[in-house]
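Q: Please take a close look at the side-chain contacts in this model, and walk me through them in one connected account.

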Amino acid sequence: MAAFRFAVAVPFVFLLLASVSTLTSASTATVAARTDVTPLQKVLQLLEGMAAKGKQEKHEEEVEFAKFQEWCDGTREGTTKSINEAASQIEQLTADIAKAEADAEELAGEIADLEKSIAQAEGELEKATQVRDKEHGDYVATHADFSESVDAIERAISVLKSREADVPQSLIQVRDAPGIPQEAKIAIESFLAQGAGEASQVAPEANAYEFQSGGVVGMLEKLRHKFQDQRLALEKEEMNAKANFEMLAQKLTDNIKEDKKRAADKTATKAQRVEDAAIAKGDLKATEATKAEDEKKLADTLAACHAKSEEYEKNQVVRHGEIEAIAKAMEILRSDDVSGAADKHLPALVQLTHASMRKALVQLRGKESPEESMCRERLTSFLQGRARDLNSRFLSLAAEHASADPFGKVKKMIKDLIVKLMEQANSEADHKAYCDTELATNKQTRNDKQAEVEELAANIEKHESESAQLAQQVSELSDAVAELRREQAEATALRKTEKATNEQTIAEAKAAQAAVERATKVLKDFYGKASEASFVQGGAGLEQEMQAASHAPYKGMQSESGGIVGFLEVILSDFARLETETSSAEDDAASSYQKFMDESNEDIAVKETEMDHKEHKKQDTDAETLTLKKQLQLTQEELDAALAYYDKLKPDCVDNNLSYEDRVHMREEEIQSLKEALDILNQQDLA
């Protein structure tokens, strides 16, 4: 750097010396055309102007580059943030698309399984319905046959007991009725044949008729009870088959309905997930395009900022070297080697007039001429007036010395004041450049840190709000899970009570059926044994039966027993229906309870999963809030440090009374006034 300064300063000094030589030659050749300043002073003035201009331009370039650097930093930070956010968003969108497509594919498989289950259940229901319709048709036909047989037997018994003439016709109907055993048909045929042989004879006596028909009536009574028992058993089988079919059909129908509802819900969810994937793909494409634009913008900005920074650094090095070269040249020109020789020799070349010779003679005598006195008064009056106008202590000092000191000494003092004021101007320009740079940098730092503090505070408030909201949601989910568990406990308690009641009812119904069946069996066994004495067995003839009936033993209350047995059979069917209905109700209640428990368990699992997710999210949010608070503390400390540094800069760099421009203007006025005073002295020299 020192070699650079010397290389710049030495040629510049020679150039200035050449200018001084030229100006000196011109002033020597033509005395009448002499200016009011010496050539060396003119060169120094030019150098001072160049130094001030160089410092001003250097300062302006620093300010402009600070603004440009601020723009670069802001653009880089904002674009980088946008790129990072876009990258995060792309990652999230990619995950969302994969999740949505996976969900849609999984839902498609589940929908296919449900449709297969629905088709299978509908097929089973159709087959069960067909089987049930066939069973019911068979039941109706068989029940009709049993009912016809019972009706025919009852009519035959009634005719036999009333001794009506249409006995043969009634017996023929009984014989032809379906389900009549072969031995009963043989007995009826024998009875009808015997009755036909005696038709032409005299009507038998009453006892004889009773003897002949008693065995047939007993046989018919036994057949009637048998058919009634078979019909009751058929009715019970039909009732059980109907109840089983209705339970199966209801279960299949419920399953079909539930599967269709689930399939519809999953179809809608699948469509929504497909739509979500399509929307996410569109957002992904737009985000990728935006990210590419931001990356290009960032690359262009970094390249432009780097090029501008290199250019600025090179310019600053050149400007700094230029200012130092000018300062070095001025230092050389103000040295005794140059300035002393110029004061000694250069003015003598132009002071050859008669007035100058007379002035020198007067000064040798120590006296002033009237012209010099008038010049001194004029100079003093001018300096005092400008001192009052500008409130300048330099002009006041110059006026004081101008009224007392010799002109030569006054001129040297004025020149020194001009140099001092220009040096002050240069020094203040340097200080102003330093202050502007520091204030601009500090202001940018304060603004950036204040913005960061506000942003961090807003983010902390946002995260705390999210944490509070998540805590509220977790609490609500916990309450909902507790409520579901309470409802499950209540449903379980009710189910236990209901199940115990139903099981007790079923057990009692079964016990009652068993008891009724035993009572019916006791009665049937008794009256069956009582009537066996007169019943035709195997190949026994009707004649033997009639001979046995002539003794007419007591066979019990056969007619009343039929009504009792019928009532018992009705009671038995009632208990059987109670058992079937209670079993069906128990199965329905158990199915409903299990369905409720499954749905509530699923709901609890979903809520607990969501609650766990929200708790983890709340923990992450709280951790991020803690990190943000630490960042806020550090940023606040940096902001406080920047504010403290600004307070330190304010006494030296912030204008309180006069602005920098006003001070520069006043200093220029002072310099101009001193130059005008110097002109007055120079004019006196010329005079």
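A: The structure, which is a predicted model, holds 30 salt bridges. Side chains of opposite charge can pair when their charged atoms come close. One of these bridges is formed by the side chains of Glu57 and Arg319, with an N to O distance of 3.1 Å. Glu57 belongs to helix α2 and Arg319 to helix α5, and the pair thereby links distant parts of the chain, 262 residues apart. Neither end of this bridge reaches the buried class, since buried means under 20% relative accessible area: Glu57 is partly exposed at 32%, and Arg319 is likewise partly exposed at 21%.

The side chains of Arg273 and Asp103 also meet in a salt bridge, again with 3.1 Å from N to O. This pair, too, links distant parts of the chain, with Arg273 in helix α5 and Asp103 in helix α2, 170 residues apart. Here, however, both partners, Arg273 and Asp103, are buried.

A bridge within a single helix is found elsewhere, where Lys607 pairs with Asp603 and the closest N and O atoms are 2.7 Å apart. Lys607 and Asp603 both lie in helix α12, which covers residues 558-653, and they are four residues apart, about one turn of the helix. Asp603 is partly exposed, its relative accessible area being 28%. Beyond individual pairs, salt bridges that share partners join Lys99, Asp103, Arg273 and Asp276 into one network, so that the buried pair Arg273 and Asp103 is part of a wider set of charged contacts.

Helices α2 and α5 are also joined covalently. The structure holds one disulfide, and this disulfide joins Cys72 to Cys305 with an S to S distance of 1.9 Å. The torsion about the S-S bond of Cys72 and Cys305 is about -100 degrees, so the disulfide is left-handed. Because Cys72 lies in helix α2 and Cys305 in helix α5, the pair ties together parts that are 233 residues apart in sequence. Both cysteines, Cys72 and Cys305, are buried.

Aromatic contacts can be read in the same careful way. With ring centres required to lie within 6.5 Å, the count comes to four aromatic pairs. In one of them, the rings of Phe65 and Tyr312 have centres 3.8 Å apart and planes at 0 degrees, so the pair is stacked, the limit for that class being under 30 degrees. Phe65 lies in helix α2 (residues 39-162) and Tyr312 in helix α5 (residues 206-333), so this pair ties together parts that are 247 residues apart in sequence. Phe65 counts as buried because its relative accessibility is 13%, and Tyr312 is buried as well, with a relative accessible area of 17%. Ring pairs further link Phe65, Phe68, Trp71 and Tyr312 into a cluster.

A ring also takes part in a contact with a charge: the charged end of Arg446 sits over the ring of Tyr646, 4.1 Å from the ring centre.

Taken together, helices α2 and α5 are connected by contacts of several kinds, including the salt bridge of Glu57 with Arg319, the salt bridge of Arg273 with Asp103, the disulfide of Cys72 with Cys305 and the stacked rings of Phe65 and Tyr312.

Terms used: Residues numbered from 1 in each chain as written. Predicted model: local features only at pLDDT ≥ 70, side-chain atom pairs only at ≥ 80, totals over all residues. Heavy atoms only, no water. Phe/Tyr/Trp six-rings, centres within 6.5 Å; stacked < 30°, edge-to-face > 60°. Helix = DSSP H or I, 4+ residues; strand = E, 2+ residues; numbered from the N terminus. Buried < 20%, exposed > 50% of the residue type's maximum accessible area, 1.4 Å probe, protein only. Lys NZ or Arg CZ within 6 Å of the ring centre and 35° of its normal. Salt bridge = Lys/Arg side-chain N within 4 Å of Asp/Glu carboxyl O. Disulfide = S-S within 2.5 Å.
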